[in-house]
Amino acid sequence: MTSPASKSPTQLSSFLPLSLAILASSFLTLHAEDEYENAPIRYSDTMPNDAAQQLESLMAAGKVKIDRTDAWTVLRDVMKQFNIPQESQVMVFSKTSKQNDRISPQTPRVVYFGDNAYVGYCLGGSIEVATIDPKLGPIFYLLDPYEVPAKPLHFQRDNSCLSCHGGPFTPEVPGVIVRSVYPGPEGHPIMSQGSTVVDTTTPFTDRWGGWYVTGKHGSILHRGNVTATEKNDQSINIDFKAGSNITDLAKFFDVTPYKRKQSDIVALMVLEHQTSVQNILTKANHAALRAMHMQTSLQRELGETVMSEPTGTARRIIDHAAEDVVEALLFKDEASLPEGGIEGDPAFQTAFTKRAPQSSDGRSLKDFQLLHRLFKHRCSYMVYSLTFQHLTAPLKQTVLTRLWNILDGKDTSGHFDYLTTTERGHIRRILAETLPGAPAEWKKALASK
């Protein structure tokens, strides 16, 4: 029998994809529940390179001072360091967090977000933080705002969050999620009714169970602002209409302790889009890193030249991951807004678009539409995110090539026909002129048209 090391190049080319497939299958079978804890990711064993670690170093060096008057000032200053606008505030009252004992319909948890960081706070509790490491994904921390002033503030990494943020809810990678549940009177999810992890494709009517929602949305109802009671037959009583088109949350709970009184409908939809795309980016990057790790490991084992370009199974894994990314970036199967659109807090919209990169004709991927869909130009601003910018090279190149071919009219699959020629042209210009590291041929292509 011929050993792998003695095979001819032709024999090896046919052997390699099969071997990779066997190796991949074994790897997935043995470690399906915690792939990210194994090589080459090693999530828990790797020191993160994220905003929380950077801020802690700056605080220790005396280069950043956090106002520790109270929890709200700590929260405000930490958010400022993470480029998180206060106007992004949304409120969740379902007991679906680390600090469930502090959360209820009368004492909702506030959540804020920027492009690469998320924070949450429960009255009297710790500040929950998730900051993005370009390779690992979100890193979860607790920050005690009530620590005595003599001691420095410390971001305590908390991997117990992975029980929800590292499994089926987040496609088996460390992730950030927005869940819609049927909350009982005290905020406990009614488990018999299940829950929905919300993304861009989730119907409007299935969103925001367990969340407060401020804003106008016409006659279509959502699950927000109200609680449910379960009957003996496991059906529920819930009045969705009582939670519709709410602009003042004071009718539901005492808003006095909160610095802002809104849980903006537009901010919620942006958060849902962002978290779902972040998870797809993390999953795709992890898959590509593992595929290349398996390929190079096998090549070394066979005594072959280690290649930086994916082949065989690795190529197929990366192509599949890239397609998932492209579909997410281009809002494929985006759920429609209610007839007449939605109206939210202008302050959030101003804060969200404030520093958005703009093309030479003044367009941005953060421009809102809000009548039929969330954004005017259906290519996600998450192309500027840390994770996208640091995608492993074969994956990023595959995504960029596929993305440009679609926008340039070279795709014949029909999957993206919902993007009009005009919209594709606007997106091409925005990307060519604002995306860091955009291929030079993109700008040349624009100049030739």
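User: In this predicted model, which residues point one way from β2 and which the other way?

Analyst: The side chains of β2 in this predicted model divide into two sets, and every residue in both sets is buried. Val110 and Tyr112 point one way, while the opposite direction is taken by Arg109, Val111 and Phe113.

User: Why is strand β2 described as largely enclosed by the rest of the structure?

Analyst: Strand β2 covers residues 109-113, and a residue counts as buried when its relative accessible area is under 20%. Because that condition is met along the strand, β2 is largely enclosed by the rest of the structure, the number of its buried residues being five of the five.

User: Which residue of β3 stands opposite Val110?

Analyst: Strand β3, residues 117-121, runs antiparallel to β2 and is joined to it by four bridges, and a hairpin of three residues links the two strands. Within this pairing, the residue of β3 opposite Val110 is Tyr121.

User: Which residue in β2 does Val92 stand opposite?

Analyst: Strand β1, residues 90-92, also pairs with β2 in the antiparallel sense, over three bridges. In β2, the residue that stands opposite Val92 is Arg109.

User: What radius of gyration does the protein have, and why does it agree with a compact globule?

Analyst: The protein has 11 helices and 11 strands, and buried residues make up 53% of its 449 residues. A compact globule with 449 residues would have a radius of gyration near 22 Å, so the protein agrees with that expectation at 24 Å.

Conventions
Residues are numbered from 1 along each chain as its sequence is written. This is a predicted model: local features need pLDDT of at least 70, side-chain atom pairs count only at pLDDT 80 or more; totals for chains, interfaces and linings use all residues. Side-chain values use heavy atoms; hydrogens and water are left out. The radius of gyration is taken over C-alpha atoms; the globule rule is 2.2 Å times the number of residues to the power 0.38. Buried means under 20% relative accessible area, exposed over 50%, partly exposed in between (1.4 Å probe, protein chains only). Two strands pair if DSSP finds at least two bridges between them.
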